Amino acid sequence: MTGFFDVKRNPGRAYISFAVLGILLLVFPFFADNFGNSWVRIVDLALLYIMLALGLNIVVGFAGLLDLGYIAFYAVGAYLAAFFGSPQFALMLTTVGENFPAFAQFLTTLFGPEIAAKGFHLPVWVIVPMSAVTAGFFGALLGAPTLKLRGDYLAVVTLGFGEIIRIFMNNLNAPINFTNGPQGINAIDPVSIFGVSLGGESGADALVRVGSFATPSVNAYYFLFLGLCIATVFFSLRLQNSRLGRAWIAIREDEIAAKAMGINTRNMKLLAFSMGASFGGVAGAMFASFQGFVSPESFSLMESIVVLAMVVLGGIGHVPGVILGAVLLAALPELLRHIVEPMQRAVFGKVIIEIEVLRQLLYGLAMVVIMLYRPAGLWPSPKHEDQVPQGGEAVKP
C-alpha cells in the first residue's frame with residue numbers, strides 16, 4: 001500500500017493515486033446523500049478524529065512521549081469556542097453580578113451592554129487561532145513538569161492532567177459560571193465563511209445555500225474538515241522531515257544519545273507537547289461549532305484512549321498509518337450499529353450484545369492482535385523515513 005503513495009520512489013504512480021483519492025473524496029458526500037445524511041456525518045467526525053490522531057502522533061509517534069491526557073486539549077479548544085461563540089459570557093456575567101456587583105459593572109462598561117446581554121459571538125477566523133494558541137499553552141504547561149519523566153510515570157501524570165481538565169469543566173459553574181457545569185454549553189454558533197453559515201437554514205434539511213447551489217449542512221462541514229485535514233497532513237509531513245522532526249525522532253530512539261549530540265531535549269519535548277496540543281485545540285473548536293453543544297462527558301479518559309488506539313493501530317509515527325487507524329476506529333461504532341445490531345435482531349430476534357459493549361470488546365481484541373502480530377501497526381513507517389538522508393544537514397539544538 002505504501003508504494004502507491006511514495007512520491008520519492010515512484011512519483012508517477014503516487015500522483016495518480018493522489019488524484020484518484022482526491023476525486024473519491026470530492027464526490028463522496030454527493031454519493032452518500034442517496035443514503036441519508038448520517039454517513040456524511042460519520043465521516044465528518046472521522047475527519048475530526050484524524051486531526052486529533054495526527055496531533056497526538058507528534059507527541060507519541062515522533063517524540064516518543066506517552067500522553068494519556070491528550071483529550072484535555074480537545075476540551076480546551078471546544079470550550080473556548082463555546083464560550084466565545086455563544087451566550088455563555090452573558091450567563092457568566094449574571095453570576096459575576098450576584099457575587100461581585102462592582103466587577104460585573106466594570107465588565108459591562110468594558111465590553112458594552114450588547115455583549116453583556118447576548119455574549120460574545122466571535123468569527124471562526126478568530127476562534128480557531130485562539131484555540132490553537134491556548135491549547136498550545138496548556139500543552140507546554142503539561143510538558144514543563146514532566147520533562148524528566150518517562151514511560152509509565154509520564155502516562156500517569158498526563159492521565160491526571162486530562163482528568164483535572166474534565167473535572168474543572170464539570171465544576172466550574174460556581175460561584176462564577178464559566179462552563180455551565182455538567183449541563184454543558186449550547187446554542188454555539190456554527191462556522192460562518194464569508195457570511196454563509198455552514199449550519200444551514202433552520203429545519204430538518206439544514207441546507208446551505210450559495211447562490212442557486214444548495215447542499216446539506218453536513219456536506220458543507222465535510223469540505224471544511226477535509227480542507228483542515230489536508231492542511232494538517234501537509235504540516236505533519238513537512239514537520240516530520242524537518243530538523244525539528246529529526247530531533248524528535250532522535251529523542252524517541254535514544255534520548256541520552258540525542259542529548260549527547262547537542263539536541264536540547266527539554267525544548268524539543270516542550271515543542272512536541274505544545275504543537276500536538278494545538279492540533280487538538282483546533283479540532284475541539286471545530287467540534288463545538290459542528291455539534292452546537294459541548295459538555296464534560298465528551299472529553300472522558302476513554303476518548304484519550306480511543307485516540308491513542310488510533311495511533312497505535314495505524315502505525316506509530318507514520319502519518320498515512322495514523323490516518324488509516326483513525327478512519328477505522330472512528331467508523332467502527334457506526335458500522336456496528338448499522339450492521340451488527342440488525343443482524344442480531346434477524347438471527348436471535350433481539351440484541352444479545354449491546355453495541356457499546358461490543359465496541360469495547362473489539363477495541364481490546366484489536367489491540368491484543370496488533371501487538372502480537374503487527375507491533376508496528378497496520379501500516380508501519382518505512383525504515384527509510386527514520387534515517388537522515390545522505391548529505392542532509394545535522395539536527396541542531
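Biologist: Why does Ile370 count as buried?

Modeller: Its relative accessibility is 7%. Buried means under 20%, so Ile370 counts as buried at that value. The model is a predicted one.

Biologist: Where does Ile370 lie, and which residues does Ile370 touch, not counting those up to four places away in sequence?

Modeller: Ile370 lies in helix H15. Ile370 touches Val312, Leu313, Pro375, Gly377 and Leu378, with residues up to four places away in sequence not counted. Contact here means heavy atoms within 4.5 Å.

Biologist: How far is Ile370 from Lys269, C-alpha to C-alpha?

Modeller: The separation is 28 Å, for residues 101 places apart along the chain.

Biologist: Why is Phe30 called partly exposed?

Modeller: Its relative accessible area is 40%. Partly exposed is the band between under 20% and over 50%, so 40% makes Phe30 partly exposed. Phe30 has its place in helix H1, residues 11-32. With neighbours within four places in sequence left aside, Phe30 is in contact with Phe213 and Phe223. Its C-alpha atom is separated by 39 Å from that of Ile115, 85 residues apart along the chain.

Biologist: What makes Ser278 buried?

Modeller: The value is 19% relative accessibility. The cut-off is under 20%, so Ser278 counts as buried. Ser278 lies in helix H12. Leaving aside neighbours within four places in sequence, Ser278 is in contact with Ala132, Ala135 and Gly136. These three are among the buried residues of H7.

Biologist: How do you know that the span of H7 agrees with its number of residues?

Modeller: Helix H7, residues 124-143, has 20 residues. At 1.5 Å a residue, those should span 28 Å. The expected span takes one less than the number of residues. The end C-alpha atoms are 28 Å apart, so the two agree.

Biologist: Which residues of H7 are buried?

Modeller: Val124, Ile127, Ser131, Ala132, Ala135, Gly136, Gly139, Leu142 and Gly143.

Biologist: What puts them on the same side of H7?

Modeller: They cover an arc of only 160 degrees around the axis, and therefore sit on the same side of H7. An α-helix has 3.6 residues a turn, so residues three or four places apart point the same way. The other side of H7 has Trp125, Val133 and Phe137, which are exposed.

Biologist: What do the buried residues of H7 pack against?

Modeller: Helix H3 (71-84), helix H8 (151-171), strand S2 (192-193) and H12.

Biologist: Which residues are buried in H10, and what do they pack against?

Modeller: In helix H10, residues 243-253, the buried ones are Leu244, Gly245, Arg246, Ala247, Trp248, Ile249 and Ile251. They pack against H2, helix H9 (217-240), helix H11 (255-260) and H12.

Biologist: What makes the peptide bond from Ala174 to Pro175 cis?

Modeller: Its omega is near 0 degrees. Most peptide bonds are trans. Pro175 lies in the loop between H8 and strand S1 (185-186).

Biologist: What is the sign of phi in Asn180, and where does Asn180 lie?

Modeller: Asn180 has a positive phi, about 65 degrees, although it is not a glycine. Most residues other than glycine have a negative phi. Asn180 lies in the loop between H8 and S1.

Biologist: Is Asn180 buried or exposed?

Modeller: The relative accessible area of Asn180 is 17%. The limit is under 20%, so Asn180 is buried.

Biologist: Why is Phe194 called exposed?

Modeller: Its relative accessible area is 79%. Exposed means over 50%, so Phe194 is exposed. Phe194 lies in the loop between S2 and strand S3 (196-197). Its phi is near 50 degrees, a positive value in a residue other than glycine.

Biologist: What lines the second largest pocket?

Modeller: The lining has 26 residues, with Leu45, Tyr49, Phe287, Glu303 and Arg359 nearest the centre. Elements that give two or more residues are H2 (38-62), H12 (265-291), H13 (301-314), H14 (319-348) and H15 (355-373). H2 gives the most, with 6 residues.

Biologist: How many residues of each class are in that lining, and how much space lies in the second largest pocket?

Modeller: The lining has 16 nonpolar, 3 polar and 7 charged residues. About 560 Å³ of space lies in this pocket.

Note on methods
Residues are numbered from 1 along each chain as its sequence is written. This is a predicted model: local features need pLDDT of at least 70, side-chain atom pairs count only at pLDDT 80 or more; totals for chains, interfaces and linings use all residues. Side-chain values use heavy atoms; hydrogens and water are left out. On a 1 Å grid over the protein atoms alone, a cavity is a set of points where a 1.4 Å probe fits but cannot get out, and a pocket is an open set with protein on both sides within 12 Å along at least five of seven lines; lining residues have an atom within 4 Å of a point. Grid points are joined across faces, edges and corners, and a volume is the space filled by probe spheres set on the points. Ala, Val, Leu, Ile, Met, Phe, Trp, Tyr, Cys and Pro count as nonpolar, Asp, Glu, Lys and Arg as charged, and the others, Gly among them, as polar. Buried means under 20% relative accessible area, exposed over 50%, partly exposed in between (1.4 Å probe, protein chains only). The arc is that of the directions from the helix axis to the C-beta atoms.
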